[in-house]
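Got a protein model open and not sure where to start looking? Let's walk through a few features together.

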Amino acid sequence: MPYVMVQIPKTPAPAFPAPTVPTSADVARLAGVSRATVSYVLNNTGTVRISEATRHRVREAARELGYVPHAAARSLRAGHSRIVLMPAPSFPAGPLFTGFLAELQRALGRLEYTVVQYGAVGLSGDDAVRAWAELRPVAVLVPGTDLTPQGVDLLKRSGARAVVTVGSGPVDGAHALLLDHGTIGRRAGRHLYERGRRRIGVVVPADPGLRVFSEPRLEGVRRAVRGTAATVTELPLAYDEEAAARLAARWELLGLDAVFTYNDEYAMLLMRALQDEGVDVPGHTALIGADDLMLGRLLRPRLSTVRLELPSGRDLAALVERAVHDPGAPPERHTALGATVVHRESS
């Protein structure tokens with residue numbers, strides 16, 4: 001059988017050479033310092049005294065070369081991952097919670113952790129936990145309560161030294177930052193009662209992801225007026241104009257003289273619909289929201305609200321640091337959520 005020789009054309013050289021990745025050695029040469037000094041400066045090591053002039057020279061060299069520290073190399077030096085995983089919340093995050101998360105990320109960054117926000121579209125429960133575990137984080141911060149004790153155990157067996165939940169209730173085996181949303185409802189309910197209102201409605205968002213917050217707020221209003229002649233009526237409401245208009249059209253039949261609207265966004269939605277129906281706010285119906293958003297102050301009448309005070313992101317970062325260094329310590333529980341009524345024109 002005759003042989004056939006086939007000539008395979010050479011792969012053409014790339015038109016542009018692959019860019020070289022700058023290293024800490026490159027930064028050290030440009031700055032005129034040792035690689036150890038580069039590491040100390042860029043990793044914000046506070047145990048070594050380095051002059052501000054040297055720090056500035058190292059940072060400028062790193063900026064000029066486009067160098068950033070390697071997260072995996074940092075993990076190797078530490079003996080474990082430095083990734084802190086923050087799954088995307090299952091509820092719409094408002095400006096207050098977004099600001100808290102931003103402060104927390106900055107605080108963790110100063111402690112040399114790499115913060116990764118994880119959005120698992122279509123995953124929930126244990127499926128989501130397994131997806132988190134695949135990244136081998138050293139810590140996981142879970143907003144809400146989308147976690148079970150079995151999920152905590154899986155994360156720990158996958159290398160997570162700290163599992164922290166941020167929500168209204170603790171989970172066995174995890175550290176917890178407890179946000180008492182019942183306090184918000186109690187403050188709003190007490191305010192309306194003290195303003196002479198006795199037939200109080202409470203907006204409960206139809207979004208199931210908000211139930212973990214809305215149910216304690218509803219119960220808080222009920223507790224505020226328990227033992228009095230006041231009544232509390234639950235008002236399910238979707239976040240859209242049509243749903244608000246339908247609720248406002250029934251307002252006279254409901255016979256309510258006050259409403260706590262869950263938050264300021266629902267307050268704006270419902271107030272507009274009530275005004276379109278000719279309902280006088282606050283003459284006929286007093287109205288109060290929560291979150292103290294700037295837009296609420298621009299409404300007419302200006303929106304009464306419950307101002308919330310979330311814990312410091314630095315404090316939560318310190319909790320993560322303690323848990324990473326002592327993973328066998330008993331879970332910590334901290335309750336933190338300040339609530340103060342801001343009385344304006346709508347109530």
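What follows is a chat between a learner and a teacher about this predicted model.

Q: Let's start with the big picture. How many helices and strands does the chain have?
A: There are 14 helices and 12 strands. The chain runs to 347 residues, and buried residues make up 44% of them.

Q: And what share of the contacts join residues at least 24 apart?
A: Here you take the contacts between residues at least 6 apart in sequence, and then ask how many span a longer stretch of chain. In this chain, 70% of those contacts join residues at least 24 apart.

Q: Okay, now a pair of strands. Which way do β6 and β7 run, parallel or antiparallel?
A: You read that from the bridges that link the two strands. Strand β6 (residues 199–205) and strand β7 (residues 231–237) run parallel, and seven bridges join them. For one spot to find on screen, look at Val-204, which sits opposite Pro-236 in β7.

Q: Which helix belongs with those two strands, and what hand does the unit have?
A: That would be helix α9 (residues 211–225). Together, β6, α9 and β7 form a β-α-β unit, and the unit is right-handed.

Q: Let me try a single residue. Is Leu-308 buried or exposed?
A: For this, you check the relative accessible area against a cut-off: buried means under 20%. Leu-308 has a relative accessible area of 9%, so Leu-308 counts as buried. You'll find Leu-308 in strand β10, which covers residues 305–309.

Q: Which residues is Leu-308 in contact with, if I skip neighbours within four places in sequence?
A: Leu-308 touches Leu-96, Ile-184, Arg-217, Asp-291, Leu-337, Gly-338 and Ala-339. Take Asp-291: this residue is 17 residues away from Leu-308 along the chain, yet their C-alpha atoms are separated by 5.7 Å.

Q: Last one: how many cavities of 30 Å³ or more does the structure hold?
A: One. The largest cavity has a volume of about 80 Å³. A good next step is to see who lines the space: there are 13 lining residues, and the closest to the centre are Met-86, Phe-97, Leu-101, Leu-141 and Pro-143.

Q: Which elements give two or more residues to that lining?
A: They are β1 (83–87), α5 (95–110) and β3 (139–143). Helix α5 gives the most, with four residues.

Q: And what classes of residue make up the lining of the largest cavity?
A: Sort the lining residues by class and you get 12 nonpolar, one polar and no charged.

Technical notes
Residues numbered from 1 in each chain as written. Predicted model: local features only at pLDDT ≥ 70, side-chain atom pairs only at ≥ 80, totals over all residues. Heavy atoms only, no water. 1 Å grid on protein atoms, 1.4 Å probe; cavity = no way out; pocket = protein on both sides within 12 Å on 5 of 7 lines; lining within 4 Å. Points joined across faces, edges and corners; volume = space filled by probe spheres on them. Nonpolar A, V, L, I, M, F, W, Y, C, P; charged D, E, K, R; others polar. Buried < 20%, exposed > 50% of the residue type's maximum accessible area, 1.4 Å probe, protein only. Contact = heavy atoms within 4.5 Å. Pairing = 2+ DSSP bridges. Right-handed = clockwise from strand over helix to strand, strands pointing away.
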